[in-house]
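Subject: Handing over the structure

Dear colleague,

I am passing on to you the structure we spoke about, with the sequence alongside. Please look through it first, and then read the notes that follow.

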Amino acid sequence: MLCVHHLGKSQSERIVWLCEELGLDYALKHYVRDAVTMLSPPELKALHPIGAAPVLTEDGMVLAESAAIMEYILARHGQGRLAPAPQDANFADYLYWFHFTNGTLQPAFGRMMILNRLKPPAEDPVRLAMQGRLDRALGLVEARLAAVPWLAGAEFSAADIMAVFTLTTMRYFQPVDYAPYPAIRAYLRRVAAREGYQRAMAKGDPGMKLLLD
């Protein structure tokens, strides 16, 4: 059986959500962050050397990295769901937006998070450059969602599951005001209405306020 090793307020929420959307039979094991460092507990390092969530196990297989885990689940258990086939017209769009999150959007959030912890002056050139990258990334997402309801096009897909952690829960670590982004706000309302998302967040992060506006 699939077992999702899940750390609260982490990218592993993607895996819980994917399993719920696919209706898979899976086990969910919760881990708690260190109260002082807010890092993963040592039990996760015992599973995988990187010591971070998510980790997926199945029949002796151990796999880390959220995107790799999602591709594994889709390939082994997805039965063609949530991922357009290569012959589909929106296949390239799906690939782009699936990889855009961890390739561009998540790093932009992460760099700003680190810079803000260092507290550079507002006019610091590095800070301004990194803020510019985040603004451009969010602007691209806004433009896409103003044109189509879901990132890959007309249909919800795993590209959306990849993106939503960064657009929502990541704001616990790097706050962003979405007032200038009406299409993103409307998109997150569509996400909030999905039963799979509701089940996943209730199981994975019960009691956590969902940053969906």
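In counting charges here, Lys and Arg are taken as positive and Asp and Glu as negative, while His and the chain ends are left out. On that basis the protein carries 22 positive and 22 negative side chains, and the centres of the two sets lie 4 Å apart. Please keep in mind throughout that this is a predicted model.

To begin with the overall fold, the protein contains eight helices and four strands, and reading along the sequence gives the pattern β-α-β-α-β-β-α-α-α-α-α-α. The radius of gyration is 17 Å, which agrees with the value near 17 Å that would be expected for a compact globule of 213 residues. Taken along the principal axes, the C-alpha atoms fill a box of roughly 55 × 45 × 30 Å. Of the 213 residues, 48% are buried, and the protein exposes about 10,300 Å², of which carbon and sulfur atoms supply 58%. If one takes the contacts between residues at least 6 apart in sequence, 67% of them join residues at least 24 apart.

The charged side chains deserve a closer look. Side chains of opposite charge can pair when their charged atoms come close. How many salt bridges does a search of the whole structure find? The search finds four, and several of them are described below.

One of these salt bridges is formed by the side chains of Lys-203 and Glu-20, with a distance of 2.6 Å from N to O. This pair links distant parts of the chain, since Lys-203 belongs to helix 8 (residues 195-204) and Glu-20 to helix 1 (residues 13-22), and the two are 183 residues apart. Is each partner buried or exposed? Lys-203 is partly exposed, because its relative accessible area is 41%, whereas Glu-20 is buried, because its relative accessible area is 7% and the cut-off for buried is under 20%. Salt bridges that share partners also join Glu-20, Arg-199 and Lys-203 into one network.

A salt bridge is also found between Arg-194 and Glu-21, whose closest N and O atoms are 3.0 Å apart. Arg-194 lies in the loop between helix 7 (182-192) and helix 8, and Glu-21 lies in helix 1, so the pair ties together parts that are 173 residues apart in sequence. With a relative accessible area of 24%, Arg-194 counts as partly exposed.

The side chains of Arg-144 and Asp-93 meet in a salt bridge as well, at 3.6 Å from N to O. Here too distant parts of the chain are linked, with Arg-144 in helix 5 (residues 125-147) and Asp-93 in helix 4, 51 residues apart. Arg-144 counts as buried because its relative accessibility is 17%, while Asp-93, at 32% relative accessibility, counts as partly exposed.

Turning to the backbone, it may help to recall that most residues other than glycine have a negative phi, and that most peptide bonds are trans. Where, then, is there a peptide bond that is cis? The bond from Ala-53 to Pro-54 is cis, with omega near 5°, and Pro-54 has its place in the loop between helix 2 (42-47) and strand 3 (55-58).

Positive phi values should be noted for two residues in loops, neither of them a glycine. Lys-9, with a phi of about 50°, is found in the loop between strand 1 (2-7) and helix 1, and Lys-9 is partly exposed, with a relative accessible area of 29%. Glu-65, with a phi of about 75°, is found in the loop between strand 4 (61-64) and helix 3, and Glu-65 counts as exposed because its relative accessibility is 53%, the cut-off being over 50%.

Finally, a loop residue that you may wish to locate is Gln-79, which lies between helix 3 (66-77) and helix 4 (91-118). Gln-79 is exposed, with a relative accessible area of 73%. Although Gln-79 and Leu-22 are 57 residues apart in sequence, their C-alpha atoms are 9.1 Å apart in space.

With best wishes

Conventions:
Residues are numbered from 1 along each chain as its sequence is written. This is a predicted model: local features need pLDDT of at least 70, side-chain atom pairs count only at pLDDT 80 or more; totals for chains, interfaces and linings use all residues. Side-chain values use heavy atoms; hydrogens and water are left out. The radius of gyration is taken over C-alpha atoms; the globule rule is 2.2 Å times the number of residues to the power 0.38. Buried means under 20% relative accessible area, exposed over 50%, partly exposed in between (1.4 Å probe, protein chains only). Contact means heavy atoms within 4.5 Å. Accessible areas come from the Shrake-Rupley method with a 1.4 Å probe; for residues, only the protein chains shown count as cover. The place of a charge is taken as NZ of Lys, CZ of Arg, CG of Asp or CD of Glu.
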